[in-house]
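Let's go through some of the labels used for this model and check each one against its cut-off.

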Amino acid sequence: MAIDRDDLEPRFKFEVAELPEGAHVKECYACGSCTGTCPVSQVIPEFNPRKIIHMIMLGLKNRLLSSDLIWYCTGCQNCEFVCPQDVNFSDVIKALRILALRDGYVDAETLGEMGKLAVVNEKYCVGCLTCVRVCPFDAPYMEKGSGLAHIEPVKCVACGICVAECPARAIELKTSEDVKRFASCEFLLSREL
């Protein structure tokens with residue numbers, strides 16, 4: 001994939017670093033430890049943390065923020081324990097997600113369609129707070145005045161806990177393409193054993 005000079009936004013790395021989640025991104029020296037320990041990159045080779053950080057440093061803002069790649073990270077934080085520079089790639093991904101939502105590269109509806117965001121069906125939500133209590137990521141919240149649950153797109157990791165626990169069955173989560181790829185990989189591995 002060729003890089004055109006017009007595609008480069010040199011301030012992009014500073015924009016990422018200005019967010020608390022991306023504060024250490026410029027300290028990365030591309031050793032690749034994050035990629036070596038990333039379970040997602042083992043199944044989805046195009047998800048390569050080292051290349052994603054390289055894209056940030058080059059200033060490929062439009063290409064990166066409009067890509068599905070930033071939504072593949074599971075937030076497992078394996079990268080946090082191996083990074084010699086304390087960059088914490090999963091936090092950098094959060095920063096990229098914040099920028100993508102803030103700058104209009106993606107919206108909550110699109111994330112729901114991609115299977116990257118749990119979606120509350122307001123017709124069935126009874127405001128019981130179960131989703132708020134069970135979510136380890138603090139993604140669900142109650143909208144003031146409406147008594148209905150909503151999901152914060154940046155915090156939701158599409159784990160499905162709220163879907164399973166909702167007594168009113170008001171929360172839905174589509175199966176994402178990367179989850180389908182993980183499932184097919186598990187099936188192939190189980191057949192080899």
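Q: What makes Ile3, in the segment before α1, count as partly exposed?
A: Its relative accessibility is 44%. Buried means under 20% relative accessible area and exposed over 50%, with partly exposed in between (1.4 Å probe, protein chains only), so Ile3 counts as partly exposed. Helices such as α1 are DSSP runs of H or I with at least four residues, strands are E runs of at least two, and both are numbered from the N terminus.

Q: How do you know that these values deserve some care?
A: The model is predicted: local features need pLDDT of at least 70 and side-chain atom pairs count only at pLDDT 80 or more, while totals for chains, interfaces and linings use all residues. Residues are numbered from 1 along each chain as its sequence is written, and side-chain values use heavy atoms, with hydrogens and water left out.

Q: Why is Glu80 called partly exposed?
A: Glu80, in helix α6 (residues 78–82), has a relative accessible area of 33%, so by the cut-offs for this term Glu80 is partly exposed.

Q: Why is the pair of Phe47 and Tyr72 called tilted?
A: Rings of Phe, Tyr and Trp (its six-membered ring) pair if their centres lie within 6.5 Å; planes under 30 degrees apart count as stacked, over 60 as edge-to-face and the rest as tilted. Here the centres are 6.5 Å apart and the planes stand at 50°, so the pair is tilted. Phe47 sits in the loop between α3 and α4 and Tyr72 in the loop between α5 and α6, 25 residues apart.

Q: What makes the pair of Phe47 and Phe89 edge-to-face?
A: The angle between the planes is 70°, with 6.0 Å from centre to centre. Phe89 lies in helix α7, 42 residues from Phe47. Both Phe47 and Phe89 are buried, and ring pairs link Phe47, Tyr72 and Phe89 into a cluster.

Q: What makes a set of residues a nonpolar core, and which members touch the most others?
A: Such a core is a set of buried Ala, Val, Leu, Ile, Met, Phe, Trp, Tyr and Cys residues joined through side-chain atoms within 4.5 Å. The largest one has 52 residues, and Phe12, Val16, Phe47, Ile56, Leu64, Ile70 and Leu96 touch the most other members. Helix α7 gives the most to this core, with 8 residues.
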